[in-house]
Amino acid sequence: MDRKKGIRQDCLAKMQAISPADRTHWQRHMSEALLKLLQSRNVQTLALYYGFAPEFETVQLMAYLKESLPDLNFALPRIEPERQMTFRYFNSKADLETVQKHIQQPKATCTEVKPEDIDLMLVPGLAFQRNGWRIGFGGGYYDRFLAKCPQQTLSLVFPPQLYETGYWEGESHDIRIDEILTMTAEGVTLW
């Protein structure tokens, strides 16, 4: 078994073991911290993913942010041919379709977002190191997109997803995340 596959399995098991109370607590505090960050940086367009447990649940996050920042634009990834990805604006559940593994993505009729119009991109993943290396779900979509269209990136990371720096080395095709928002003993922390 290759190292990344083993880390994925280990991290997924740790994420599935998160108690509902911890998950609710972490998501609430991290969502509040993200809102403050978006306000301080005057983010107009936020690219994110349609995450559900055991990941950070971004559906709840979007509802919270939309209530607090009604003018914030959301963009979700859409899988394109040849293992490529674009981001598209969406306004409601009616703009989404279900694809593999119950993932929701914008319909092809939704307007594509120009990469330069994305102010901040929330990047999913399973395992993270403080230095920005991440291990995703194995498709490589984000690394390919970011290699061509570098954006300011941030990941919302639960404590069990954090590994010691040096636990694995990034590969030549891996793209580091700029910032990590997580919970520590001190509270919400941005690295």
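Is Asp174 buried or exposed? I began with this residue and found that Asp174 counts as buried, because its relative accessibility is 9%, where buried means under 20% relative accessible area, exposed over 50% and partly exposed in between, with a 1.4 Å probe and protein chains only.

**Entry 1: ground rules.** I note that this is a predicted model, in which local features need pLDDT of at least 70 and side-chain atom pairs count only at pLDDT 80 or more, while totals for chains, interfaces and linings use all residues. Residues are numbered from 1 along each chain as its sequence is written, and side-chain values use heavy atoms, with hydrogens and water left out.

**Entry 2: around Asp174.** I located Asp174 in the loop between strand E10 (162–163) and strand E11 (179–184); helices (H or I, at least four residues) and strands (E, at least two) are DSSP runs numbered from the N terminus. I then looked up its polar contacts, each a pair of N or O atoms within 3.5 Å, where within protein one atom must be able to donate a hydrogen and the other to accept it, and residues adjacent in sequence count only if both atoms are side-chain atoms. The side chains of Asp174 and Lys4 are joined by such a contact at 3.1 Å, and the Asp174 side chain also reaches the backbone nitrogen of Glu171 at 2.8 Å. With neighbours within four places in sequence set aside, Asp174 is in contact (heavy atoms within 4.5 Å) with Lys4, Trp133 and Asp143.

**Entry 3: helix H4.** Asp143 led me to helix H4 (residues 141–148), whose buried residues are Tyr141, Tyr142, Asp143, Phe145 and Leu146. I listed what covers these buried residues, and the cover includes strand E2 (73–80), strand E3 (84–89), strand E6 (120–122), strand E8 (134–135) and strand E9 (153–157).

**Entry 4: strands E9, E11 and E12.** I found E11 mostly covered, with five of its six residues buried. Strands count as paired if DSSP finds at least two bridges between them; E9 and E11 run parallel and are joined by four bridges, with Leu154 opposite Glu179 in E11. On to strand E12 (residues 187–190): four bridges join it to E11 in the antiparallel sense, Met183 has Val188 in E12 as its bridge partner, and a hairpin connects E11 to E12 through two residues.

**Entry 5: the open sheet and Gly125.** Which strands stand at the edges of the open sheet? The sheet has three strands in the order E8-E7-E10, with mixed pairing, and E8 and E10 stand at its edges, each with a single partner strand, so one side of each is left without a neighbour in the sheet. Strand E7 (residues 127–129) and E8 run antiparallel and are joined by two bridges, and Phe128 stands opposite Arg134 in E8. Arg134 came up again when I checked Gly125, which lies in the loop between E6 and E7 and counts as buried because its relative accessibility is 7%. Beyond four places in sequence, Gly125 is in contact with Arg134, Ile135, Gly136, Phe137 and Gln161. I also recorded that Gly125 and Lys114 are eleven residues apart in sequence and 23 Å apart in space, C-alpha to C-alpha.

**Entry 6: the core.** I looked up the largest nonpolar core, a set of buried Ala, Val, Leu, Ile, Met, Phe, Trp, Tyr and Cys residues joined through side-chain atoms within 4.5 Å. Of its 55 residues, Leu34, Leu46, Phe87 and Leu122 touch the most other members, and helix H2 (residues 20–40) gives the most to this core, with six residues. Leu46, apart from neighbours within four places in sequence, is in contact with residues including Leu38, Leu65, Leu72, Phe74, Leu120 and Leu122. Strand E1 (residues 45–47) pairs with E2 in the parallel sense over three bridges, and Ala47 stands opposite Ala75 in E2. Six of the eight residues of E2 are buried, so E2 is largely enclosed by the rest of the structure.

**Entry 7: the whole chain.** I closed with the protein overall, which has four helices and twelve strands. Buried residues make up 49% of its 191 residues, and the C-alpha trace spans about 40 × 40 × 30 Å along its principal axes. Among contacts between residues at least 6 apart in sequence, 70% join residues at least 24 apart.
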